[in-house]
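The following account is a guided reading of one protein model. It turns to the covalent links between cysteines and then to the contacts of aromatic rings.

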Amino acid sequence: MMSKATLFIQIITFFFISATVSSSSTPSGGGFSIDLYQRRSSSRISNTQIRSSPYADTVFEKSVYLMKLQIGTPPIEIEAILDTGSQITWTNCFPCNDCTKPLFNPSKSSTYKNKICDGGSPCPFEINYEDTTYSRGTYATETIRIKSTSGKPYVMPETTIGCSNNSSADFKKPYKPSGVVGLNWGSLSLISQMGEDMLGLMSYCFSRKRTSKLNFGSNAIVSGDGTVVANMYRKKEAPDYYFLNLDAVSVGKTRIKTLGTPFHASKGNIIIDSGTTVTYLPESYCKKVRMAVEKVVKAERVASSEKDLCYKTNNMDLFPVITMHFQGGADLVMDKYNTFMTSGGEITCLIIISGTSTPIFGNRAQNNFLVGYDPSSQLVSFKPTNCSALWS
């Protein structure tokens with residue numbers, strides 16, 4: 001049973017796309033909604049487009065949320081991971097051995113242009129995600145299209161993308177995504193390239209039942225009964241990421257404050273990331289959370305690593321309700337699905353775990369919340385929502 005439980009956690013961490021990304025050779029130089037299949041210069045986008053409501057088919061795939069979009073002229077449709085924890089939007093390009101099909105072939109697009117660096121060569125890019133997956137290729141500008149309720153596509157010409165000819169195995173299987181849509185605060189993220197008209201506003205509502213929805217601009221405002229807000233921070237040492245400040249975690253009625261621990265902060269200590277599956281906390285603080293769970297759960301413990309907490313049961317009634325307390329007044333009462341995962345029909349594990357260099361509030365914990373980002377006000381809004389019902 002030890003190896004089974006350990007494998008279970010390994011499977012979870014294998015699929016996540018972490019917020020911590022490194023890139024090299026970065027080149028210089030109204031609202032709408034997108035369904036998830038699970039700032040560019042405003043002068044390039046017409047007022048008619050800003051008033052429209054673009055959308056795209058979406059899918060939930062294993063542990064990540066994919067967004068369908070079209071690249072190139074004529075356009076080719078791809079499915080890429082929606083990732084608020086990374087900046088670059090990239091796709092696998094021809095030639096690329098054993099990569100996800102369809103491959104984007106730059107030579108067949110009339111709007112594809114390489115970004116040229118000093119020396120006259122295409123600017124290279126390399127992204128290394130914290131889960132050890134990677135992507136390498138060249139920067140280019142290309143036209144991106146998203147469907148619109150007006151019947152006309154929402155068109156983003158001359159968008160900077162990465163054209164990858166070498167990506168890790170996680171991106172190469174037929175059932176895997178063909179790339180990533182970067183949506184963090186960085187200047188080359190898709191939302192930054194949409195321009196000031198969108199105000200950096202976006203929202204999504206993740207569902208475990210395949211479909212979800214992403215909004216940009218004025219349509220992304222989250223409000224109404226039940227909405228709570230958390231303060232958002234931008235940190236000098238990591239300016240591209242959306243930081244929240246986690247003040248405490250409650251396990252049932254036991255409140256575990258960050259105050260008095262190395263995890264405590266007043267201006268951001270955890271990244272909110274749509275591309276990472278589970279939630280990661282610092283080891284010393286996560287141990288306190290695990291101990292509180294152990295005191296509540298009366299079930300046979302499954303031998304595993306010191307960092308994993310697993311039980312031989314699939315009875316969710318045995319597990320406590322966990323609440324995340326964020327600075328600003330957002331007390332998020334988690335569903336059992338948000339914090340525990342059952343594998344093989346009989347083993348259930350806590351999926352708030354320790355690891356990664358930066359704490360991360362992952363996408364599974366965000367399920368069934370309408371989550372809205374408002375960078376100008378530096379707030380993230382959460383509204384408890386039956387997200388799957390929105391698309392039925």
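**Disulfides and aromatic rings**

C205 has a relative accessibility of 1% and therefore counts as buried, the cut-off for that class being under 20%. The model in which this cysteine is seen is a predicted one. A disulfide connects C205 with C387, with a distance of 2.0 Å from S to S. The link of C205 and C387 is left-handed, at -75° about the S-S bond. Because C205 belongs to strand 13 and C387 to the segment after strand 31 (379-384), this pair ties together parts that are 182 residues apart in sequence. The partner C387 is likewise buried, its relative accessible area being 0%.

How many disulfides does a search of the whole structure find? The search yields 5. With bonded cysteines counted along the chain, their pattern reads 1-6, 2-3, 4-5, 7-10, 8-9. One of the disulfides is formed by C93 and C163, whose sulfur atoms are 2.0 Å apart. This link is also left-handed, with -130° about the S-S bond. C93 is placed in the loop between strand 7 (90-92) and strand 8 (113-114), and C163 in strand 11 (residues 154-167), so the pair ties together parts that are 70 residues apart in sequence. C93 counts as buried because its relative accessibility is 0%, and C163 counts as buried at 2%. A further disulfide joins C96 and C99, with 1.9 Å between the sulfur atoms; both of these cysteines are buried.

The aromatic rings offer a second set of contacts. The count of aromatic pairs comes to 15. In one of them, the rings of Y204 and Y373 have centres 5.7 Å apart and planes at 50°, so the pair is tilted. Since Y204 lies in strand 13 (residues 202-205) and Y373 in strand 30 (residues 369-374), the two rings tie together parts that are 169 residues apart in sequence. Y204 and Y373 are both buried. Ring pairs also link these two tyrosines into a cluster with F60, Y65, W185, F206 and Y242.

Another tilted pair consists of F263 and Y285, at 5.3 Å centre to centre and 50° between the planes. F263 is found in the loop between strand 19 (254-257) and strand 20 (270-272), and Y285 in helix 4 (residues 283-296), so parts that are 22 residues apart in sequence are tied together. Both F263 and Y285 are buried.

Finally, Y337 has arginines over its ring. R208 lies over the face of Y337 at 3.9 Å from the ring centre, and R364 lies over the face of Y337 at 3.6 Å from the ring centre.

Note on methods: Residues are numbered from 1 along each chain as its sequence is written. This is a predicted model: local features need pLDDT of at least 70, side-chain atom pairs count only at pLDDT 80 or more; totals for chains, interfaces and linings use all residues. Side-chain values use heavy atoms; hydrogens and water are left out. Rings of Phe, Tyr and Trp (its six-membered ring) pair if their centres lie within 6.5 Å; planes under 30 degrees apart count as stacked, over 60 as edge-to-face and the rest as tilted. Helices (H or I, at least four residues) and strands (E, at least two) are DSSP runs, numbered from the N terminus. Buried means under 20% relative accessible area, exposed over 50%, partly exposed in between (1.4 Å probe, protein chains only). A charge sits over a ring if NZ of Lys or CZ of Arg is within 6 Å of the ring centre and within 35 degrees of the ring normal. A disulfide is a pair of cysteine sulfur atoms within 2.5 Å.
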